[in-house]
Protein chains: 2
Amino acid sequence: MTQYKSPIRDIQFVLHELLGIENHYQQLLGNDEVNRELIDAVIEEGAKFSENELAPMNQSGDEEGCHWDDGVVTTPKGFKEAYDKYVEGGWPSLGGDKAFGGQGLPSSLGSVVSEMVGSANWSWSMYPGLSQGAVATLESHGTEDQKKVYLTKLISGQWTGTMCLTEPQCGSDLGLVRTKAEQNDDGSYSISGTKIFISAGEHDMAENIVHIVLARLPGAPEGTKGISLFIVPKFNVKEGGANGERNTVQCGSIEHKMGIKASATCVLNFDNAKGFLIGPENRGLNCMFTFMNVARVGTSLQGVCAAECAFQGALEYAKDRLAMRSLSGPKNPEKEADPIIVHPDVRRMLLTQKAFAEGGRALCYYLCTLADIIDLSKDEKEVKKADDLMAFITPIAKAFLTESGLEAASYGMQVYGGHGFISEWGMEQIVRDARISTLYEGTTGIQSLDLLGRKVLLTQGQLLRNFTGLIETFCKENAENEAIKELTTKLASLNAEWVEMTMKVGMAAMQNQDEVGGASVDYLMYSGYVTLAFIWAKMALVASNKLAEGSDEKGFYTAKLQTAQFYYRRILPRTLAHKAGLEGGLACLMDMEVDNFSF
Amino acid sequence: MTQYKSPIRDIQFVLHELLGIENHYQQLLGNDEVNRELIDAVIEEGAKFSENELAPMNQSGDEEGCHWDDGVVTTPKGFKEAYDKYVEGGWPSLGGDKAFGGQGLPSSLGSVVSEMVGSANWSWSMYPGLSQGAVATLESHGTEDQKKVYLTKLISGQWTGTMCLTEPQCGSDLGLVRTKAEQNDDGSYSISGTKIFISAGEHDMAENIVHIVLARLPGAPEGTKGISLFIVPKFNVKEGGANGERNTVQCGSIEHKMGIKASATCVLNFDNAKGFLIGPENRGLNCMFTFMNVARVGTSLQGVCAAECAFQGALEYAKDRLAMRSLSGPKNPEKEADPIIVHPDVRRMLLTQKAFAEGGRALCYYLCTLADIIDLSKDEKEVKKADDLMAFITPIAKAFLTESGLEAASYGMQVYGGHGFISEWGMEQIVRDARISTLYEGTTGIQSLDLLGRKVLLTQGQLLRNFTGLIETFCKENAENEAIKELTTKLASLNAEWVEMTMKVGMAAMQNQDEVGGASVDYLMYSGYVTLAFIWAKMALVASNKLAEGSDEKGFYTAKLQTAQFYYRRILPRTLAHKAGLEGGLACLMDMEVDNFSF
């Protein structure tokens, strides 16, 4: 089995050479505390922790899974010990508010660490990962007292957090939430109801668990406008912060599922559990968006992690495994066959993985720099610009990078041939673990409706034009650059087509709102391919400049240019299918009567 | 969990209305013994057996898996009992040679049963399924004596068979086989070596197992021209057919794998095991092709099974699950939300599944009628025609129907949202079980090389033109039929494009043989979409004729037409991406130096 190795060189390329991260941090923080030395040290330590502590438990964690016994959940061997080390190392507090014990580093740096941690062991990463959303929610919407009691311990990692949205009858449609909250005389609330699919909802890794729960107050309006948000700790917290008595929230069972088996997916039963309101009554969904945005960017990263791990495994095998001769003549005549990396179709699979992994990484990190601006910038105009861009790109990144991550993961198995299906090689686990990524935190269909319906059409195309404007400027500025002319020419043309296509969909949707749903996934995938093309063109520009400057890392930069070229020539043409598919229209989706689907 | 229900109406549509199977059988057999009554009775009994005996063990078999203990393999609870009933019911002998106890029915009828059996429980179906290849090999290449001893018991189902090709160092590249065979004084051979990935290689369901084994004789030429084929029984056979002493072939272990967990995938160690040559020395690979063709068509069916099962599960859920309102207004106002089948994107997924399942079924059955002709026709010209068509279509069916089956299976999970990831719903098992189908019996890459390299370019395009000629004739004959004009117009244009594209690839390949590998998978997928478009146009023609005649099954035929239309408008545009991807060329695959793939 291929052991995960952090792609440090590529991470540095994106952070330093593509995004100019040092300068970005210094502008936002107004000082030079977060300099290159610190950044690289964080990456290096994060890489070590991921490779040495987490990767070795990835396969064993999958085999062992989590165990439930009368409400108590035991995580796989080594998980708790690794978590203790993670806390000792100060990792949970990286991006936390300094006022509550955090190190106050920009969240993008934490995301880089999250990528490495998640690649090494996605299941493990979900325990601290869920806390990040709870932290963001409390930072934005918690009272000072709530922050003091809960945030401090979440930031230190002493406690972990969860996100309790889903119920048996509702997932995407949170308007159907039935969990009830009734106010007690002391100002607290009694929460009752059943939540399902709660990741890290119960486990043995931390002293206490802070559940962030959606519930309805008595007489609240129906639907999404009548939902409030509550803190419900596993153990009630005594004055001074120590654990008090056990709250009446119990883990009823954990799910048996396709993958991420070492991550406990819990049914939580709230039986008059004591909770505390976060934010205003009936505005819970708005507060929850903070949480959901963090989670969506985190899930985009899961696609990158899957692509990276599958690429590493497939590349190693493709260099080692001997089978058949190159059709253009033996490349390894002294052996009985050539390594399979000589075969063009094996290279097509490897390059697809590489294009998705490296392109996805750059897109995610770029998104994280927007989040930094939203969090830290004092310039309102800049914040608004970043916020609009982030709102537009997030559903694209979440859906497109998880879908492409799955494709890359599947190629990981495919390069191994029949061995890819065998557990010991580790490739099939990547597919099983990654398969959840297009389902949770909003399915691909939900992201697509969010993109096309809410972000594009509801803003009359403004958010789209903000982004295509950036692309247009980039293409114009580099139109005369011969090194990337093939890319900019193609990109400019697709960029214009994107806007035109959007206008057509918008016109159709004015006649019939269902047109949005009929077009949405093809629209999102088209958008994803173009967005990644923009990222690849930007990376190609950096690489070609470095080569022109006579860099001594010729192989690295040449590979960047070649991967960009591969992406443009062999992957980007998929936009043709999505555009034509979308133009296939709505009627052929809606005409069939429900009873006629099957006989 | 959705229980599998055999799609009898659709099976009958394909057999009777599309393929005119009764007439086809009568022409081949020269009598009317295999009439509609018999055909429908076989389908109905096969459906009952599949639904009642096999489907209920599908999930439990996955959970329990197979167990290995010191060379003995135990299959999951109920597997042996179901196999006994299968044998009692005479199912294994359906297509067998009458001279050796078979019922002599055309193999296509057996394939219909195989579809239902495989949909109900793919893992179980592999035990009798592997026997079919052994039967075909012995029927074609066995001596009379070998047939009497082995074939009779394989046909009755008393024994099962295997196919021992793969070794640790070779899968696709059988030229690297190392297993040795040395002749003994009594004319038998001593076989020594290790075979891996042997499905049904050891189990507790039958009295004896007949291994068909590839091995090398001393001094045989290197590569594929030095491989011979042997029968190696698990128990040596005594005069009269009873089991003699245990042969020295042992199951060293079974694999832990992503899916088909109830199918034992064995490592077999041959230690001077007694074997018998089949066919001429060093011609083993040619004899094995008989086996491999049967297996490839069988694996195509696995794609259909996956699509059908995932469609059934997703459709049931989409009708039941309530979430959100239709964007064009409530469709279910008395309930708190609409069933998700109102949402266009859910319909897109369901219709994709339906188009692949029903189209794939028709393509497979068509292929099976070609196999009937090859087996049974006395008309040499007709046999040659069928053989050429079958040679051309088989790699397309194997690769395209398994790839599309996987896509359909994945949509099964996607329609369920997060629930799709949970084992109890059964959708994730379909994906895990189906994932092997693009790997075994020749990966998608291998099928693509077979199609483009061997079948198309090596015949100077003759096999392609045979098939595109059929499509051209069909389009011309129906050019004036308004009911399917949208389809025939599009099909005729793609058909012409297919030939043009092939010529371009052929020209490029004359300069550089690697062009074949660079184009192959895109070429195959393009071919698959066009081939399925042909099948859907034919089905649409039948359906529109029935509607014109005033059929009282208006819903059924209307759905056929609508599915065809959906396929043409929303799926077929993918040809654009494959054509443009292929035209992206070879250079961007080959330019990168091996050391530059990763840093």
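**Exercise 1. Where is the kink in H16(B) centred, and how many degrees is it, about?** While you're there, check the length of the helix and say how enclosed it is.

*Solution.* Bear in mind that we're working with a predicted model.
- Start with the kink: H16(B) turns by about 50°, with the centre at B:Ser520.
- Next, the length. Helix H16 of chain B runs over residues 514–548, which is 35 residues, and at 1.5 Å a residue it should span 51 Å. The C-alpha atoms at its ends are 51 Å apart, so the expected span and the model agree.
- Now burial. Of the 35 residues in H16(B), 32 are buried, so the rest of the structure largely encloses this helix.
- Finally, look just past the end of H16(B): B:Gly550 has a positive phi of about 85°.

**Exercise 2. Run a similar check on helix H8 of chain B, and find what its buried residues pack against.**

*Solution.*
- H8(B) covers residues 144–156, so 13 residues at 1.5 Å each should span 18 Å; the end C-alpha atoms are 17 Å apart, which agrees.
- There's a bend here too, of about 35°, at B:Tyr150.
- B:Tyr150 is also one of the buried residues of H8(B), along with B:Val149, B:Leu151, B:Thr152, B:Lys153, B:Leu154 and B:Ile155.
- Those buried residues pack against H7 and four strands of chain B: S3 (159–164), S6 (208–215), S7 (228–233) and S8 (235–237).
- After H8(B) comes B:Gly157, with a positive phi near 90°.

**Exercise 3. Is B:Ser123 buried or exposed?** List what B:Ser123 touches, too.

*Solution.*
- First place the residue: B:Ser123 sits in helix H7 (residues 122–141) of chain B.
- Count C-beta neighbours inside 10 Å. There are 26, and the cut-off for buried is 20 or more, so B:Ser123 is buried.
- Leaving out residues up to four places away in sequence, B:Ser123 touches B:Gly61, B:Ile260, B:Lys261, B:Ala262, B:Ser263 and B:Asp433.
- Take B:Ala262 from that list: 139 residues separate B:Ala262 from B:Ser123 along the chain, yet their C-alpha atoms are 5.3 Å apart.

**Exercise 4. How many residues of chain B are in contact with chain A, and which helix supplies the largest share?** Then work out how the copies are related.

*Solution.*
- The contact involves 86 residues of chain B and 86 residues of chain A.
- Several helices of chain B supply at least two residues each to this side, among them H9 (284–320), H10 (344–376), H16 and H17 (554–571). The largest share comes from H17(B), with 9 residues.
- Sorted by type, the chain B side has 35 nonpolar, 30 polar and 21 charged residues.
- Now superpose. A turn of 180° with a shift of 0.0 Å along the axis lays chain B on chain A with an RMSD of 0.0 Å. The two copies are therefore related as by a two-fold rotation axis.
- As a cross-check, 100% of the interface residues of chain B are also interface residues in chain A, so the copies meet through the same surface.

**Exercise 5. Why can chain A be called as compact as a globular protein of its length?**

*Solution.*
- Begin with the inventory: chain A has 19 helices and 11 strands.
- Compare radii of gyration. Chain A comes out at 24 Å, close to the 25 Å from the globule rule for 599 residues, so it is as compact as a globular protein of that length.
- Its C-alpha trace spans about 80 × 65 × 60 Å along the principal axes.
- For burial, the share is 61% of the 599 residues in chain A.
- Last, contacts: among those in chain A between residues at least 6 apart in sequence, 74% join residues at least 24 apart.

Terms used
Residues numbered from 1 in each chain as written. Chains lettered and ligands numbered in written order. Predicted model: local features only at pLDDT ≥ 70, side-chain atom pairs only at ≥ 80, totals over all residues. Expected span 1.5 Å × (residues − 1). Bend = angle between axes of the 7 residues up to and from the residue. Buried ≥ 20, exposed ≤ 12 C-beta atoms within 10 Å, placed from the backbone. Contact = placed C-beta atoms within 7 Å. Nonpolar A, V, L, I, M, F, W, Y, C, P; charged D, E, K, R; others polar. Least-squares fit on C-alpha atoms with pLDDT ≥ 70 in both. Rg over C-alpha atoms; globule rule 2.2 N^0.38 Å.
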